[in-house]
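Biologist: I'm new to this one, so could you put it up and walk me through it slowly?

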Amino acid sequence: MILDLNGIIGKDFSIDKEVDTKIEEQRYIKNVQFVLGDNMALLRWMKEEVMMGFFHLGIVDPPYGIEVGNMKLGATAKSKERNYDMGDWDASVPSKEYWDLLKYVCRNLIVWGGNYFTKEFDWSGRCFDVWDKKNNGMSFADAELALTTFDKSARIIPKSRTLNDKDGEKRHPTHKPSYLYEYLHLQHNIRDLKVLDTHGGSLSHAIASYRTGAKLLIIEKNESYYKSGIKAFEDSSKAGLL
């Protein structure tokens with residue numbers, strides 16, 4: 001399968017066979033390009049194509065290296081049975097090569113869980129976003145930190161972690177609601193700009209991008225998460241929720 005980024009990037013690129021074999025599926029829906037594949041292979045290819053600063057912004061939520069698949073995440077004996085794979089994807093943080101490549105192709109970055117990557121990300125700055133989850137006394141973290149490369153004041157996002165109708169059911173262990181991403185788009189004024197997401201997860205970022213008009217390339221390598229995210233996106237679109 002040949003990767004077609006013309007819809008998002010607005011330019012044709014050739015792609016070598018090694019990268020091509022690591023792309024299992026791609027879909028282009030309006031302003032969102034979905035890719036099921038290896039993000040590192042694609043980032044390396046982007047550098048070879050000299051795509052320096054091509055994306056206005058990268059919004060990423062990489063593995064924190066805390067083995068979230070082994071956590072209860074607030075579940076109790078009375079909790080609804082999970083219908084998604086907890087997985088083993090959170091065993092380690094991304095490599096330094098990942099951060100170098102990400103900074104090469106993106107002009108600015110918003111990194112969820114940035115406090116886990118201070119060494120690899122080599123962050124220094126005054127702008128960060130704090131998501132206040134409104135947990136109401138639950139056992140896990142009340143807030144989550146997103147480090148950014150913007151030179152502006154820090155902000156608190158007082159948004160409940162509860163998913164809304166357009167998000168559908170929870171389908172990933174660290175599923176973030178789409179309105180959280182929508183807030184970031186509006187707060188940092190990235191409507192109609194090119195955005196990269198290397199760890200799509202639940203693909204809720206795609207729902208936000210569809211609504212704000214940002215041209216999003218979103219990559220996920222887990223087929224189960226990818227397919228459930230695509231289905232939720234299409235169901236919300238058919239229901240007129242986007």
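Modeller: Let me begin with one pair of strands: E1 (residues 23-29) and E2 pair in the antiparallel sense over six bridges, where two strands count as paired if DSSP finds at least two bridges between them, and helices (H or I, at least four residues) and strands (E, at least two) are DSSP runs numbered from the N terminus. Please keep in mind that this is a predicted model, in which local features need pLDDT of at least 70 and side-chain atom pairs count only at pLDDT 80 or more, while totals for chains, interfaces and linings use all residues. Residues are numbered from 1 along each chain as its sequence is written, and side-chain values use heavy atoms, with hydrogens and water left out.

Biologist: What links E1 and E2, and which residue has a positive phi there?

Modeller: The two strands form a hairpin with two residues between them, and Lys-30 in the turn has a positive phi of about 55°. Within this pair, Glu-25 stands opposite Leu-36 in E2.

Biologist: Is E2 mostly covered or mostly open?

Modeller: Strand E2 (residues 32-37) is mostly covered, with six of its six residues buried, meaning under 20% relative accessible area with a 1.4 Å probe and protein chains only (exposed is over 50%, partly exposed in between). Val-32, Phe-34 and Leu-36 point one way, whereas Gln-33, Val-35 and Gly-37 point the other way.

Biologist: Which other strand does E2 pair with?

Modeller: E2 also pairs with strand E9 (residues 215-220), in the parallel sense and over five bridges, and there Val-35 stands opposite Ile-219.

Biologist: OK, zooming out, what order do the strands take in the sheet?

Modeller: The sheet is open and has nine strands in the order E1-E2-E9-E8-E3-E4-E6-E5-E7, with mixed pairing. E1 and strand E7 (155-158) stand at the edges, each with a single partner strand, so one side of each is left without a neighbour in the sheet. The twist from one strand to the next averages 15°.

Biologist: How do E3 and E4 run, and what packs on them?

Modeller: Strand E3 (residues 55-60) and strand E4 (residues 106-112) run parallel and are joined by five bridges, with Leu-57 opposite Asn-108. Helix H4 packs on the sheet and touches E3, E4 and strand E8 (194-197), its direction making about 130° with that of E4; such angles run from 0 to 180 degrees between N-to-C directions, using axes fitted to C-alpha atoms, for helices over the stretch in contact.

Biologist: And where does H7 lie?

Modeller: Helix H7 (residues 204-212) lies across E2, E3, E8 and E9, and runs at about 170° to E9.

Biologist: Switching to H6, why call it largely enclosed?

Modeller: Seven of the ten residues of helix H6 (residues 178-187) are buried, so the rest of the structure largely encloses it. Among the buried ones are Tyr-179, Leu-180 and His-185, and the buried residues of H6 pack against E3, E4, strand E5 (128-132), E7 and H7. Just after H6, Asn-189 takes a positive phi of about 55°.

Biologist: Last topic: how many disulfides are there?

Modeller: A search of the whole structure finds zero disulfides, a disulfide being a pair of cysteine sulfur atoms within 2.5 Å. Cys-106 counts as buried at 5% relative accessibility, and Cys-127 counts as buried at 1%.

Biologist: And how much of the protein is buried overall?

Modeller: Buried residues make up 47% of the 242 residues in the protein, whose secondary structure comes to eight helices and nine strands.

Methods. Contact = heavy atoms within 4.5 Å.
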